[in-house]
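Here is a friendly walk through one model, with a look at what holds a few of its parts together. Have the structure open as you read.

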Amino acid sequence: MILAFALLFAAAPFAATSSHAATRAGVEAQFRQWLETDLWPEARRAGVSKPVFESAFSGISLDWDLPDLEPPGFAKPKQRSQSQAEFRSPGAYFDEKRLQGLAASGRSLMAKHASTLRKIEDRYGVPASIIVAIWGRESGFGRAKIPHSAVRVIATKAFMSTRPELFRKEILAALKILERGDVSASAMKGSWAGAMGQPQFLPSSYLDHAVDFDGDGKRDIWNSTADSLASIANYLAQSGWVRGRDWGFEAVIPEGVTCALEGPDRARPISALTDMGIIRISGRPFPEHERRAAGMVLVPAGTYGPEFVVTPNFYVIKEYNNSDLYALFIGNLADRIGHGGSAFVTPWGKTGSMLRSDIARLQASLERQGYDVGGADGLPGYKTRRSIGEWQARTGQKPTCFPTPQLLGAQK
Ligand SMILES: [Ca+2]
């Protein structure tokens with residue numbers, strides 16, 4: 001639900017196509033026209049009143065500095081093709097200094113807000129350490145500057161971005177929020193990607209998940225710590241968080257047990273995994289209630305990095321941000337905040353750098369041989385990783401379950 005990392009992309013300059021001679025002023029006029037004749041009728045049908053609509057867009061112009069814009073009448077900016085982007089090794093995601101900093105702040109804030117967090121944990125069943133970890137990752141515990149007008153960003157993207165349908169839905173949700181009066185348009189701040197407030201909710205997520213926990217009648221994810229923390233917890237609870245279960249455990253898969261076991265669709269009781277010889281890397285046993293319940297093997301870097309047994313709650317964290325590495329980051333940070341955890345024991349190994357287009361070629365080759373890689377998109381998710389492992393086993397190699405330049409060479 002969160003469109004992260006938008007800040008990393010520099011805005012591309014626009015050039016008018018000579019045939020249209022479009023000007024920014026001309027596009028701004030089209031935008032005002034679009035608001036009146038296109039967006040307003042739909043907003044009205046959605047229950048938004050004219051005064052709310054007019055005050056939301058009063059003084060709002062297009063934000064030309066946003067990434068991924070396609071202004072009408074302008075030449076499309078030359079962007080580096082997605083397929084030429086480099087796939088970064090998973091280890092780059094886990095900056096130890098950053099994690100230590102977030103963990104230290106998280107521990108002190110967890111103590112400071114202990115009584116609120118206890119009430120939130122009771123009501124929603126989500127551990128305080130997980131809530132605080134997401135709060136830290138999303139907005140630096142509410143300290144990050146989130147300076148953009150959400151209405152301006154989202155309206156710009158609905159009018160002239162590469163994904164107008166997505167943001168049209170979000171601008172209508174934003175107007176509904178304003179109609180309800182939880183926040184004023186000028187106080188509704190978001191990121192360059194349109195993610196709002198301390199939990200970084202898109203407006204539609206706000207409508208579905210934000211709660212008033214401090215009891216002032218407003219769901220204020222911008223200024224209220226209690227509302228922000230409870231809204232994160234409610235998001236996870238509504239996404240299926242299983243009360244009383246952990247997110248996962250760093251593990252060791254023994255020689256002779258294949259990494260290709262991986263995947264949420266290959267869940268089995270954790271006791272069945274320990275029967276195969278999979279252990280926690282800490283050497284401690286899995287808690288008895290976890291042993292009886294479902295677990296899944298997760299190997300984000302194949303055999304080149306840390307290995308995990310995760311629970312269904314890992315996939316609930318992915319509902320917040322659909323990335324294995326994001327969910328692992330949150331789980332690890334929560335362990336550091338709540339249980340004295342530290343870095344993963346097994347280091348992230350060097351897998352060699354690859355272009356996404358090369359990974360897509362590898363995926364296409366596996367697809368031709370009948371493997372389900374989850375689509376040749378250049379991103380090695382669990383279906384790709386285990387297909388690599390299965391192909392390696394079938395061709396008499398030791399499964400490593402991760403794409404490498406050598407592996408690409410071996411595929412025809
Ligand atoms: Ca409130």
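## The calcium site

The calcium ion sits in an irregular site, where its 6 donor atoms make angles of 47 to 161°. Keep in mind that this is a predicted model. The protein donors are Asp 212 (OD), Asp 214 (OD), Asp 216 (OD), the O of Lys 218, and Asp 227, which is listed with OD twice. They lie 2.2 to 3.0 Å from the ion. Along the sequence, the donor residues follow the spacing D-x1-D-x1-D-x1-K-x8-D.

What does the pair Asp 216 and Asp 227 tie together? Asp 216 belongs to the loop between α8 (203-209) and α9 (225-238), while Asp 227 is in helix α9, so the two bring together parts that are 11 residues apart in sequence. Their surroundings are worth a look too: Asp 216 is partly exposed, at 48% relative accessibility, whereas Asp 227 is buried, at 0%.

## The disulfide

The model has 1 disulfide by the distance rule. It joins Cys 259 to Cys 401, with an S to S distance of 2.1 Å. Is this disulfide right-handed or left-handed? The torsion about the S-S bond of Cys 259 and Cys 401 is about 85°, so the disulfide is right-handed.

This pair links distant parts of the chain, 142 residues apart. Cys 259 lies in the loop between β4 (248-252) and β5 (268-269), and Cys 401 in the loop between α15 (382-394) and α16 (405-410). Cys 259 is buried, with a relative accessibility of 3%, and Cys 401 is buried as well, at 0%.

Methods
Residues are numbered from 1 along each chain as its sequence is written. This is a predicted model: local features need pLDDT of at least 70, side-chain atom pairs count only at pLDDT 80 or more; totals for chains, interfaces and linings use all residues. Side-chain values use heavy atoms; hydrogens and water are left out. Donors are N, O and S atoms within 2.8 Å of the metal (3.2 Å for Na, K and Ca); water is not among the atoms, so sites may look incomplete. Four donors count as tetrahedral if all angles lie between 85 and 135 degrees; four count as square planar and six as octahedral if opposite donors are over 155 degrees apart and all others between 65 and 115; anything else is irregular. Helices (H or I, at least four residues) and strands (E, at least two) are DSSP runs, numbered from the N terminus. Buried means under 20% relative accessible area, exposed over 50%, partly exposed in between (1.4 Å probe, protein chains only). A disulfide is a pair of cysteine sulfur atoms within 2.5 Å.
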